[in-house]
Amino acid sequence: MKNTLSFCILLSLVALMGCIPSGPTAERNDSSKTDAAAEEVAPRETVGKTTQVVLALKQALSDGAILASTKIETKNPLLVSAEAYRTQVGKLGGMAVYNAIQIRNAQSIREPQPLTHEALMAEIIKKGEPDGIRLPMLPYYQEYAWDQPNQQLVVVDFLARIAEREEQR
């Protein structure tokens with residue numbers, strides 16, 4: 001029990017460290033692609049990298065994405081930590097956006113309005129601005145997406161990217 005708790009705490013710290021630039025020369029690794037489905041299928045560095053790319057969920061689903069599972073389902077002991085890292089990074093990104101939305105709503109004098117994708121990008125993510133949210137980078141086959149009806153950040157899988165990557169091997 002104690003080892004499991006220590007592992008969970010260590011995993012959380014590692015994921016959080018990926019969100020913090022390592023110094024004044026820290027590289028910013030934003031994906032400049034706007035069409036996630038047309039992106040070249042190649043692994044990308046994820047540990048210590050960040051992004052400000054958030055797709056509209058409706059558009060991502062129409063491009064062939066599916067909602068990513070937040071469960072650790074592998075039985076392979078060599079892949080458990082990688083899958084745990086991937087799912088936790090997605091959850092941490094969602095929590096960061098949720099907290100920023102709560103602060104925005106608390107500061108609003110009038111009744112807070114639901115965020116559209118454009119409003120999320122302008123008011124919460126603030127792409128390219130120093131006070132914007134920098135989300136942890138996800139694997140090449142995953143992207144963040146804004147679920148407007150539920151007002152939450154979700155992670156989507158592009159299964160076509162996985163299949164294409166397997167064909168390239």
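**Exercise 1. Decide whether β5 is enclosed or open, and check each face.**

Solution.
Step 1. All 6 of the 6 residues of β5 are buried, so the strand is largely enclosed by the rest of the structure. The model is predicted.
Step 2. Buried here means under 20% relative accessible area.
Step 3. Take one side: Gln 142, Tyr 144 and Trp 146 are buried.
Step 4. Take the other: Glu 143, Ala 145 and Asp 147 are buried too. Both faces of β5 are thus covered.

**Exercise 2. Find the strands that pair with β5, and give the sense of each pairing.**

Solution.
Step 1. Start with β2, which runs parallel to β5 and is joined to it by 3 bridges. Within this pairing, Ala 56 has Trp 146 of β5 as its bridge partner.
Step 2. Turn to β6, residues 152–158, which pairs with β5 in the antiparallel sense over 6 bridges. Here Val 154 of β6 stands opposite Ala 145.
Step 3. Look at the connection. β5 and β6 make a hairpin, with 4 residues between them. Gln 151 lies in the turn and has a positive phi of about 55°.

**Exercise 3. List the buried residues of α4, then state what they pack against and what follows the helix.**

Solution.
Step 1. Helix α4 spans residues 117–125. Its buried residues are His 117, Ala 119, Leu 120, Met 121, Ile 124 and Ile 125.
Step 2. An α-helix has 3.6 residues a turn, so residues three or four places apart point the same way.
Step 3. The buried residues of α4 pack against β2 (54–56), α3 (80–107), β4 (135–136) and β5 (142–147).
Step 4. After α4 comes Lys 126, with a positive phi near 50°.

Terms used. Residues numbered from 1 in each chain as written. Predicted model: local features only at pLDDT ≥ 70, side-chain atom pairs only at ≥ 80, totals over all residues. Heavy atoms only, no water. Buried < 20%, exposed > 50% of the residue type's maximum accessible area, 1.4 Å probe, protein only. Helix = DSSP H or I, 4+ residues; strand = E, 2+ residues; numbered from the N terminus. Contact = heavy atoms within 4.5 Å. Pairing = 2+ DSSP bridges.
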